[in-house]
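The following exercises are to be worked with the sequence and the model in view. Each task is followed by a solution in steps.

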Amino acid sequence: MRNNRSSEDYLETILLLSRKLPVVRSSDIAVELNLSKPSVSVAMKNLREKQYITMDSIGYITLTEAGRQRAEDVLERHTILADLLMHIGVS
């Protein structure tokens with residue numbers, strides 16, 4: 001596993017978690033990506049600075065419109081790539 005995950009990986013994870021959980025927290029992201037909470041905390045700070053997410057006073061994370069669009073673009077790209085690989089026989 002890479003030590004530094006890209007913003008796109010975090011955004012995609014937040015989007016997917018928001019589809020299955022009532023709220024998303026840093027700890028949910030850490031578990032999903034098998035990363036330490038401090039690593040995720042640094043990444044969330046960077047995403048807030050880029051205005052891709054907001055975080056309320058109790059730590060619930062929400063994608064901004066820009067963050068949601070970026071996350072959906074990443075998810076679409078990953079889905080297309082996975083479909084292509086499966087189509088040519090890669091499991």
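**Exercise 1: A salt bridge beside helix H2**

Arg 25 is partly exposed, with a relative accessible area of 38%; buried stands for under 20%, exposed for over 50%, and partly exposed for the range in between (1.4 Å probe, protein chains only). The model is a predicted one, in which local features need pLDDT of at least 70 and side-chain atom pairs count only at pLDDT 80 or more, while totals for chains, interfaces and linings use all residues. Residues are numbered from 1 along each chain as its sequence is written, and side-chain values use heavy atoms, with hydrogens and water left out.

Task: Identify the residue whose side chain meets that of Arg 25 in a salt bridge, and state its burial class.

Solution.
1. The side chain of Arg 25 meets that of Asp 28 at 3.1 Å, N to O. A salt bridge requires a side-chain nitrogen of Lys or Arg within 4 Å of a carboxyl oxygen of Asp or Glu.
2. Asp 28 counts as buried because its relative accessibility is 15%.

**Exercise 2: The crossing of H1 and H2**

Task: Describe how the axes of helices H1 and H2 are arranged, and list the residues that make the contact.

Solution.
1. Helix H1 covers residues 7–20 and helix H2 residues 26–33; their axes come within 10 Å and cross at roughly 110°. H1 is therefore roughly perpendicular to H2, a class that spans 65 to 115 degrees.
2. On H1 the contact involves Tyr 10, Thr 13, Ile 14, Leu 17 and Lys 20, and on H2 it involves Asp 28, Ile 29, Glu 32 and Leu 33. Contact denotes heavy atoms within 4.5 Å.
3. Ser 26 also lies in helix H2 and, at 18% relative accessibility, is buried. Beyond its neighbours within four places in sequence, Ser 26 touches Val 40, Met 44, Met 55, Gly 59 and Ile 61.

**Exercise 3: Two further salt bridges**

Task: Compare the sequence separation in the pairs Arg 70–Glu 8 and Lys 45–Glu 49.

Solution.
1. A search of the whole structure gives 5 salt bridges.
2. Arg 70 and Glu 8 pair at 3.1 Å, N to O. This pair links distant parts of the chain, with Arg 70 in helix H4 and Glu 8 in helix H1, 62 residues apart.
3. Arg 70 is partly exposed at 31%, and Glu 8 is likewise partly exposed, at 21%. Together with Arg 77, these residues are linked in a network of salt bridges.
4. Lys 45 and Glu 49 bring their closest N and O atoms to 2.9 Å. They are 4 residues apart in helix H3 (residues 37–49), so about one helical turn separates them.
5. Lys 45 is partly exposed at 44%, whereas Glu 49 is exposed at 53%.

**Exercise 4: The chain as a whole**

Task: State the order of secondary-structure elements and the share of buried residues.

Solution.
1. The chain has 4 helices and 2 strands. These are DSSP runs numbered from the N terminus (helices H or I, at least four residues; strands E, at least two).
2. From the N terminus, the order is α-α-α-β-β-α.
3. Of the 91 residues, 31% count as buried.
4. The C-alpha atoms fill a box of roughly 45 × 25 × 25 Å along the principal axes.

Definitions and conventions
Axes are lines fitted to C-alpha atoms, for helices over the stretch in contact, and angles run from 0 to 180 degrees between N-to-C directions. Angles under 35 degrees count as roughly parallel, over 145 as roughly antiparallel, 65 to 115 as roughly perpendicular and the rest as oblique.
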